[in-house]
Amino acid sequence: MTAAYGPVTQWLAAMPKAELHLHIDGSLRAPRLLSLAQKHGVTLPYASVEDVEAAYEFDDLQSFLDLYYLGASVLRDEEDFYLLMQDYLEVCRRQHIIHCEIMVEPQTYLPQGVALGTVLQGFSRAITEAMHWGQSVKLILSFLRHLPESDCLAMLEAADPYREHFCAIGLASAERDFPPANFQTLYREAAARGYALTAHAGEEGPAAFIRDALDLLGVSRIDHGVRVVEDPALREELAVTRVPLTVCPLSNVRLCVYGNMREHRILELLQDGLCVTVNSDDPAYFGGDLLENFAALENDLAMDRSQALALVRNGFEAAFLSETERADCIAALDRYLAEHPL
Ligand code: ADE
Ligand code: ZN
């Protein structure tokens, strides 16, 4: 696999990295999807792994979300959630993602009657195993913005007994018709309960949604945020405040935010001093894990070593870690750099 990577990505392969924007349901790969569908007698419109992968051609965010929620509907019991998390944490181990922040969307499982306790029991079992090899994992309680705010508030309440499992809340799903302004009470309540705050904004929605996520929701991080380029004043402001953007290059191309990777603006934003990071979003659907996202930047945008390192450092700067945890991650990075210098 690494033989196919360019020299910068090969250098990054064993470098300690963080991944901060990963929907766990988006890491459900075709073989596991099909085996769980069979286990639970769920009928899907696919007969083979090839059929599943052929279906993953998207025109926009909604065309992806339709298949994403269909895929997640096969997750039913504790073992399913355990295996799903175990699969992703194995990717972390292989790709040297020493710290990850994973979005969990319990509202997705409600139609199947799956309780949050079942979901978290499975996830926690896999996370505890991964901690034995030193993996650092935090979970983000992510809400579905196509649902009413009252449903989100009910889920926030239902998550209270599991408060210690989550470091932050997030806001995902269809962006354009569901602006940040609709979720002000949710964010106020979550802040009062001590959650850190992030939200998807400026992916398909306009730059004004980034502004509103900051001003109306009080987030300290933005998921995607690439449409900041449409608001020069906001772009300058983010260069000063360094509110992080968790950018997902392959996702942006697969969901037609950009026509192709050469149009992606992440390196310009990095150059301007914004705290942009690289992430995989939904790797099973978008053709690659974290390293493949870096490889795309090397291949199509000629990302060099110093840009790659700045993106990796931003990942640790942007993480919802305590200062001690952050220092440990940066020390691991610096040890790698001492052996594999720029
Ligand atoms: N849920 C999973 N992936 C998403 C994305 N890229 N945007 C919004 N919601 C999502
Ligand atoms: Zn996302």
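This is a short talk on the salt bridges and one helix of a predicted model.

I'll start with the charged pairs. There are 22 salt bridges in the structure. I will go through three pairs and one network.

The first pair is Arg 176 with Glu 204, whose side chains form a salt bridge at 3.4 Å, N to O. Arg 176 sits in the loop between β4 (166-172) and α8 (184-192), while Glu 204 sits in the loop between β5 (196-201) and α9 (207-215), so this contact ties together parts 28 residues apart in sequence. As for burial, Glu 204 has 11% relative accessibility and counts as buried. The cut-off there is under 20% relative accessible area.

Next, Arg 235 and Glu 268. Their side chains meet in a salt bridge at 3.5 Å, again N to O. Here the partners are in helices: Arg 235 belongs to α10 (residues 232-241) and Glu 268 to α12 (residues 266-271), so the pair links parts that are 33 residues apart in sequence. Is Arg 235 buried or exposed? Arg 235 is buried, at 14% relative accessibility. Glu 268, at 35%, counts as partly exposed.

The third pair lies within one helix. Glu 323 and Arg 326 form a salt bridge at 2.9 Å, N to O. Both residues are in α16 (residues 323-339), 3 residues apart, which is about one turn of the helix. On accessibility, Glu 323 is exposed, with a relative accessible area of 56%, whereas Arg 326 is buried at 12%.

Then the network. Which residues are linked in a network of salt bridges? They are Glu 157, Asp 160, Glu 189 and Arg 193.

Now to the helix, α5, residues 78-95. Start with its length. The helix has 18 residues, and at 1.5 Å a residue it should span 26 Å. The expected span is taken as 1.5 Å times one less than the number of residues. In the model the end C-alpha atoms of α5 are 26 Å apart, so the two values agree.

What about burial along α5? The buried residues include Phe 81, Tyr 82, Leu 83, Leu 84 and Met 85, and further along Tyr 88, Leu 89 and Val 91. Asp 80, Cys 92 and Gln 95 are also on the buried list.

One last item, on the backbone. What phi does His 96 take, just after α5? The phi of His 96 is positive, about 60°.

That is all I have on this model.

Key: Residues are numbered from 1 along each chain as its sequence is written. Chains are lettered from A and ligands numbered from 1 in the order in which they are written. This is a predicted model: local features need pLDDT of at least 70, side-chain atom pairs count only at pLDDT 80 or more; totals for chains, interfaces and linings use all residues. Side-chain values use heavy atoms; hydrogens and water are left out. A salt bridge is a side-chain nitrogen of Lys or Arg within 4 Å of a carboxyl oxygen of Asp or Glu. Helices (H or I, at least four residues) and strands (E, at least two) are DSSP runs, numbered from the N terminus. Buried means under 20% relative accessible area, exposed over 50%, partly exposed in between (1.4 Å probe, protein chains only).
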